[in-house]
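The exercises below ask you to read a model step by step, with the sequence and coordinates at hand. Try each task before turning to its solution.

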Amino acid sequence: MLKNVRCFVLMRNKFVSLKVHPFMSLFSSFPHLQLPDGLSSEQLQQAVAILKSGGLVAFPTETVYGLGADAENPAALARLYEVKGRPTHHPVIVHLGSAEQLSEWAVEIPSQAYQLAQAFWPGPLTLILKRSPRVPDVVTGGQDTVGIRVPSHPVALALLKAFGGGVAAPSANRFGRLSPTTAAHVQADLGQDVDLILDGGASDVGVESTIVAFRDNQPIVLRPGMITAEQIQEALAKPIASVTNKPASSSTVSRAPGTLASHYAPRTPLTLLTPAELDETLTRINTPDWAVGVLARRACPFDLRDKPWLVWQQLEDEPNAAARLLYARLRELDSLSLDQLYVEVVPEEGAWAAVADRLKRAAY
Ligand code: TXA
Ligand code: MG
């Protein structure tokens with residue numbers, strides 16, 4: 001469901017507020033589209049016009065906000081990489097408005113990919129498939145595969161359907177930093193470098209999509225997400241391989257920036273600790289000029305509650321809720337100019353896998 005959908009428009013240096021009128025969709029220039037609450041026909045038209053003219057549109061998805069460009073416009077893609085600060089050999093995901101477009105963007109699609117698309121699209125799943133000639137080199141980093149996803153956020157779907165083509169979109173943060181889960185995060189990270197930010201409220205899932213590739217027709221999870229390995233196995237009725245929680249340096253999977261060791265890092269040094277290690281570490285701190293932030297699923301122990309050098313944030317004890325708020329909590333801690341963040345480990349199995357994976361990558 002869409003919460004508090006507000007849309008504002010940031011045109012280069014100018015902030016333009018567009019009034020959302022409930023009857024606007026009556027005059028829609030996209031009569032075939034059902035516009036989500038809060039997204040006016042004008043805003044949608046403007047977003048599509050920007051994409052078509054090679055501009056950048058940040059838009060909400062159910063996982064994290066994406067920074068979108070026309071996937072078939074090399075100049076737009078060049079600007080996307082520049083704004084993102086991303087090395088050009090790192091591939092970006094192509095977002096489509098419908099699974100029916102899959103065959104335009106990929107070839108030799110395994111039947112298991114169709115099964116997964118049927119089960120999880122629109123939704124937080126990215127499929128790595130052999131690219132079709134339609135996909136420019138710059139999208140794939142020169143590889144012969146392309147990542148494809150049909151997101152489920154109503155604003156993302158409306159944009160993709162109205163645009164009609166593929167929208168290449170990495171997460172709308174600078175390369176290597178925490179992904180944005182609100183329009184305000186995008187604004188803070190990319191500000192004037194984006195032509196338009198569509199605000200669709202806070203992302204429901206909160207961590208990036210599950211990425212599944214196929215090796216010799218065997219599905220393999222390259223990046224854990226809300227759709228778990230168990231759910232994928234269930235949809236395919238067969239066991240699958242996983243590279244969950246193994247950074248690229250220790251796995252055979254290459255060229256996936258999401259698998260670089262410190263891909264989702266805050267600016268403040270972050271260390272992952274077990275509960276016992278955390279307790280032990282905190283009892284040793286007694287210097288007044290050393291400020292520490294903690295993110296843990298338990299509440300702050302009573303004897304530490306009045307310590308002026310400690311900011312303790314509690315993370316939800318349910319994996320989907322924890323994922324939803326993970327980046328917002330880390331960003332908040334990161335904004336406090338602390339010297340060190342300590343995060344208590346979470347389980348690595350099942351629905352916790354995505355949170356465990358992102359925390360490992362944030363630690364350095
Ligand atoms: O949830 C998501 O996937 C978000 C939203 C915006 O859709 N997007 C996202 O994009 O997380 P990005 O660029 O931050 O991460 C994309 C990941 C990277 O790890 C990249 O290496 C991987 O997808 N990827 C893309 N194309 C690939 C390919 N052909 N082979 C292997 N990995 C690929
Ligand atoms: Mg990213």
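**Exercise 1: A sheet and its strands**

Strands β15 and β17 run parallel and are joined by 4 bridges, where strands are DSSP runs of E with at least two residues, helices are runs of H or I with at least four, and both are numbered from the N terminus. This is a predicted model, in which local features need pLDDT of at least 70 and side-chain atom pairs count only at pLDDT 80 or more, whereas totals for chains, interfaces and linings use all residues. Residues are numbered from 1 along each chain as its sequence is written, and chains are lettered from A and ligands numbered from 1 in the order in which they are written.

*Task.* Work out the order of the strands in the open sheet that holds β15, and find which strands stand at its edges.

*Solution.* Begin with the pairing of β15 and β17, in which valine 294 has tyrosine 342 of β17 as its bridge partner. Next take β16, which runs parallel to β15 and is joined to it by 5 bridges; here glycine 293 stands opposite valine 311 of β16. Two strands count as paired if DSSP finds at least two bridges between them, and the open sheet of 4 strands then reads β14-β17-β15-β16, with parallel pairing. Because β14 (270-273) and β16 each have a single partner strand, they stand at the edges, and one side of each is left without a neighbour in the sheet. From one strand to the next the twist averages 20 degrees, an angle taken between N-to-C directions on a scale from 0 to 180 degrees, with axes fitted to C-alpha atoms and, for helices, over the stretch in contact.

**Exercise 2: The helix on the sheet**

*Task.* Describe how α10 packs on this sheet, and say what covers its buried residues.

*Solution.* First, α10 touches β15, β16 and β17, and its direction makes about 170 degrees with that of β15; a contact requires the C-beta atoms of two residues, placed from the backbone, to lie within 7 Å. Second, the buried residues of α10 include Pro319, Ala322, Leu326, Tyr327 and Leu330, a residue being buried if 20 or more other C-beta atoms lie within 10 Å of its own, exposed if 12 or fewer do, and partly exposed in between, with C-beta atoms placed from the backbone. Third, their cover includes the strands β15 (292-296), β16 (310-314) and β17 (340-344), together with the helices α7 (183-190) and α11 (353-362). On the sheet side, 4 of the 5 residues of β15 are buried. Finally, α10 has a kink of about 45 degrees centred on leucine 325, where the bend is the angle between axes fitted to the seven residues ending at a residue and the seven starting there.

**Exercise 3: Backbone exceptions**

*Task.* Which residues other than glycine have a positive phi, and are they buried or exposed?

*Solution.* Most residues other than glycine have a negative phi, and most peptide bonds are trans. Glutamate 108, with phi near 50 degrees, lies in the loop between β6 (106-107) and α4, and counts as exposed because it has 10 C-beta neighbours inside 10 Å. Serine 337, with a positive phi of about 55 degrees, lies in the loop between α10 and β17, and its 8 C-beta neighbours inside 10 Å likewise make it exposed. As a further exception, the peptide bond from tryptophan 121 to proline 122 is cis, with omega near -10 degrees, and proline 122 is found in the loop between α4 (111-120) and β7 (125-131).
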